[in-house]
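Open your viewer, switch on a cartoon view and keep the selection box handy. We will go from stop to stop, with something to select at each one.

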Amino acid sequence: MSQQTLYDKIWDSHTVEILPTGQTQLFIGLHLVHEVTSPQAFDMMREQGLKIAFPERTFATADHIVPTDMRSRPFLDDQAEEMMQAIEQNAREFAIDFYGLDSDRQGIVHVIGPQLGLTQPGMTIACGDSHTSTHGAFGSLAFGIGTTQVRDVLATQTLALDRLKVRRIEVNGQLGRGVYAKDVILAIIRKLGVSGGKGFAYEYAGPVIEGLGMDGRMTVCNMSIEGGALCGYINPDQTTFDYMKGRPFVPTGAAFDRAETYWRSMASDTNAVFDDVVRMEGASIEPTVAWGINPGQSVGISERLPLPEESGDPDTTRKAYQHTGFEPGAPILGLPIDVAFVGSCTNSRLSDLRAAAEVVKGRHVDPRVRALAVPGSVQVKIDAEREGLDRIFEEAGFEWREAGCSMCLAINPDQLKGREVCASSSNRNFIGRQGSPTGRTMLMSPAMVAAAALNGKIVDVRNL
Amino acid sequence: MSSETHINKISGTALPLRGNDIDTDRIVPARFLKEVTFSRMGEYPFFDERFGSDGKPKPHPFNDSRYQGASVLLVNNNFGCGSSREHAPQALNRFGLQAIVGESFAAIFQGNCLAIGLPAVTIAPEEMARLQDMVEEDPSVPFTVDLDAMVVRLPDRTIPCQMPDATRKALLEGNWDTTTMLAKNLPQVRQVASRLPYVGNFRG
């Protein structure tokens, strides 16, 4: 069993009771709520006459269904409008902070939590969204939960959970040029599999991880769940503390110093014990593309698509070819695309937009490609526009949009049509994920999406 | 179901659904998440695999009349991976399935199954291959998922199955509706909160 890891320290300090079932009742320091997975939970609260236990630790926004072109109300989609009204009504009735479309704090829940300083090291965080693991980038334990569990957190600020094992994943050496955090996590998932993290929390460590900025760290932790791990984290360090300073919900002055002391104390000790350790070399990671129907089906840019019989799971590989129609053994380089999407809770922060803008600056999107750049929050949009990124994108032929989840899960107007192939900076290439049952998704870094947009096909961003 | 419902045995015929890594986007396509209640979820499991764009049914185990009325779903490895949507187990449950037997389940999906009182147990992959073959051959085979004995019972044999101890206990003792159980400890919750420096915003 792991000892003296960040996981152990946070788990122990947040334990309320051992429940009759043997599970642990864990205090949740921050509860983030969005419009899609919460209405049924609020209904259950009403039916059972329950009150929110810690309304001051509960924050809501709208992101999944929000249109990124026309935000005027009522939304054209009646269902989206009804859902939006539900979260507005629930936030009012239960007296919780809500950052709606009129707020400059609105955005993807996993972008605004960190941006506002709500997300802090040494905390437990829950949200009715599997990508809550994102917040682990700050050295917090952050869990995605279902709707009934959302009710649990609303009513009690706790969850009934099983203790996980801890696997340390060390990425050593350094990354080559044109290789990003997205490539690192895709390479990790490729190596350990989409269910390899079952029963584990992932601790990402080593020089490559420590060398990432907070945006890159969030990209890595974001996709922990795609590797089967309920949560993933990175020990907080000076990069983390520098990011925290001056954010709206972060204390100032002497209180900040006390906070930093606490945050440092929660990191894994140098002699911490892990249940498992995996080591990888940063230099061996190429720009990576997930081509199939799950994020573990990926190849480096210089490789060919696998033959089913040579893959770890021939049946699932064959299923991927049935869906994609790609040719087994073909090079990934040169596969044509129809749509390019830069955005999502994985890659919609300022440094992601900068990386994509740097690639497209002064160039033009292939005329056959529809290209979208979607900032993760209103604040990211403002910051990006201050740097002129919006003009770079638009001059290159990208559409520059308002903040939201957009084409990552496509329950808003941004969707693939028919058999379109999308080069996407999002997190899932599941069948039908981007709104068309027959649509196809290839996952890659924002820079690689940008390069694909310019060329109408998958290219190696390092050669531009 | 009420919080006091004890769940120990599920009996009925089975529905075999083959494939590893079947994600929750396939189980319930995301557009159905725009509904603000779960009430219609039973119509949606595997919707895009079961119906063409013209609305016509396609060949799929969930459309196959031989499996109509099945209570036990038979699946393979890492079932329910991806999104945390509780809509996925809700849809399967409201479709009529009362237990899932698989090779393994994704973590959040498994938690969601417990939260709605839907038992999800695992058996060895070679056993699953045999069971799926058997049911495809003869869909009338009666199954019992027995959580007391932790076995899947068939007319001619009994297969040991697994599930986390806490989950089993919660289902058997009717403690799977967690809110009531968690709320009993609210005074202790407030004590733990008061000890965490960030809850007081690091005031000295």
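Helices (H or I, at least four residues) and strands (E, at least two) on this tour are DSSP runs, numbered from the N terminus. What you have open is a predicted model, in which local features need pLDDT of at least 70, side-chain atom pairs count only at pLDDT 80 or more, and totals for chains, interfaces and linings use all residues. Residues are numbered from 1 along each chain as its sequence is written, while chains are lettered from A and ligands numbered from 1 in the order in which they are written.

**Confidence**

The model scores ipTM 0.96 and pTM 0.97. Colour chain B by pLDDT, the predictor's confidence in each residue, from 0 to 100: the mean for chain B is 96, and 98% of its residues reach 70 or more.

**Helix α3 of chain A**

Select residues 78-93 of chain A, which form helix α3. Its 16 residues should span 22 Å at 1.5 Å a residue (the expected span is 1.5 Å times one less than the number of residues), and the end C-alpha atoms are indeed 22 Å apart.

Now show A:Ala80, A:Met83, A:Met84, A:Ile87, A:Asn90 and A:Ala91, the buried residues of α3(A). Here a residue is buried if 20 or more other C-beta atoms lie within 10 Å of its own, exposed if 12 or fewer, and partly exposed in between, with C-beta atoms placed from the backbone. Look down the axis of α3(A): the buried residues fall within an arc of 130°, so they line one face of the helix. That arc is taken over the directions from the helix axis to the C-beta atoms. An α-helix has 3.6 residues a turn, so residues three or four places apart point the same way.

Turn to the face away from the buried side and you will find the exposed residues A:Asp78, A:Gln89, A:Arg92 and A:Glu93. The cover over the buried residues includes α2 (39-47), β4 (58-61) and β5 (97-99) of chain A; contact means that the C-beta atoms of two residues, placed from the backbone, lie within 7 Å.

Just after the helix, pick A:Ala95, where phi is positive, near 55°. Step back to the loop between β4 and α3 of chain A for A:Pro74, which is joined to A:Arg73 by a cis peptide bond with omega about -10°. Most residues other than glycine have a negative phi, and most peptide bonds are trans.

**Where the chains meet**

How many residues does each chain bring to the contact? Chain A gives 68 and chain B gives 57. On the side of chain A that touches chain B, helix α5 (residues 147-156) gives the most, with seven residues.

Next, select A:Lys198, in the loop between α6 (181-192) and β10 (200-205) of chain A. A:Lys198 counts as buried, with 21 C-beta neighbours inside 10 Å. Beyond its neighbours within four places in sequence, A:Lys198 is in contact with A:Gly228, B:Ser104 and B:Ala107.

**Two stops in chain B**

Go to B:Ala88 in helix α3 (residues 87-95) of chain B. B:Ala88 is buried, with 29 other C-beta atoms within 10 Å. Not counting residues up to four places away in sequence, B:Ala88 touches B:Thr24, B:Ile27, B:Val28, B:Gly80 and B:Phe109.

Finish at B:Phe46, in the loop between α1 (24-27) and α2 (47-50) of chain B. B:Phe46 has a positive phi of about 55° although it is not a glycine, and B:Phe46 counts as buried, with 21 C-beta neighbours inside 10 Å.
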